[in-house]
Amino acid sequence: LQFQVETVGGSLLPFSCKLAVQNKNKVTCSNQGQVATHCPKVCGKCSEYECSDSEGVFFMGNGKKRECSWLKQMGESKRIKKCKKPKVAMTCRDTCKFCE
């Protein structure tokens with residue numbers, strides 16, 4: 001899922017792990033933890049973030065901005081349905097019990 005990163009100037013830009021791979025030498029994985037928590041494999045941070053939720057704001061297919069806390073607040077059956085989508089499960093890894 002795409003997520004937002006804040007530039008040095010304070011602007012918010014849409015970003016994805018695919019873009020992070022393509023621009024690995026230009027990407028900072030320490031952007032307040034957002035890139036590292038969203039893309040732990042790309043950032044070499046699997047030991048810290050592999051089974052935790054992304055800390056970033058991400059975009060669902062309908063363009064709505066969401067955080068993993070939104071998913072946590074859903075009823076169990078609705079959350080399970082959303083978590084069956086691989087991109088959601090790989091973004092909200094703790095909430096979706098991705099590592100279990």
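**Group meeting: a walk through a predicted chain**

Reading from the N terminus, the elements of this chain follow the order β-β-α-α-α-α-β-β-α-α-α, and I should say at once that what we are looking at is a predicted model. Counted up, that order gives 7 helices and 4 strands.

Let me turn to the overall form. The C-alpha trace spans about 40 × 30 × 20 Å along its principal axes, and the radius of gyration of the chain is 13 Å, which agrees with the value near 13 Å that a compact globule of 100 residues would have. As for how the chain packs, 37% of its 100 residues count as buried, and, if we take the contacts with a separation of 6 or more, 39% of them are accounted for by residues 24 or more positions apart.

Now to the surface and the charges. The accessible surface of the chain comes to about 6500 Å², and carbon and sulfur atoms hold 51% of that area. The chain carries 18 positive and 9 negative charges, and the mean position of the positive charges lies 10 Å from the mean position of the negative ones.

One backbone detail remains, and I would ask you to find it in the structure. Which residue has a positive phi although it is not a glycine? The residue is Lys97, with a phi of about 55°, and its place in the chain is the segment after α7, the helix that covers 86-91. As background, most residues other than glycine have a negative phi, so a positive value is a departure from what most such residues show.

Terms used
Residues are numbered from 1 along each chain as its sequence is written. This is a predicted model: local features need pLDDT of at least 70, side-chain atom pairs count only at pLDDT 80 or more; totals for chains, interfaces and linings use all residues. Side-chain values use heavy atoms; hydrogens and water are left out. Helices (H or I, at least four residues) and strands (E, at least two) are DSSP runs, numbered from the N terminus. The radius of gyration is taken over C-alpha atoms; the globule rule is 2.2 Å times the number of residues to the power 0.38. Buried means under 20% relative accessible area, exposed over 50%, partly exposed in between (1.4 Å probe, protein chains only). Contact means heavy atoms within 4.5 Å. Accessible areas come from the Shrake-Rupley method with a 1.4 Å probe; for residues, only the protein chains shown count as cover. Lys and Arg count as positive and Asp and Glu as negative; His and the chain ends are not counted. The place of a charge is taken as NZ of Lys, CZ of Arg, CG of Asp or CD of Glu.
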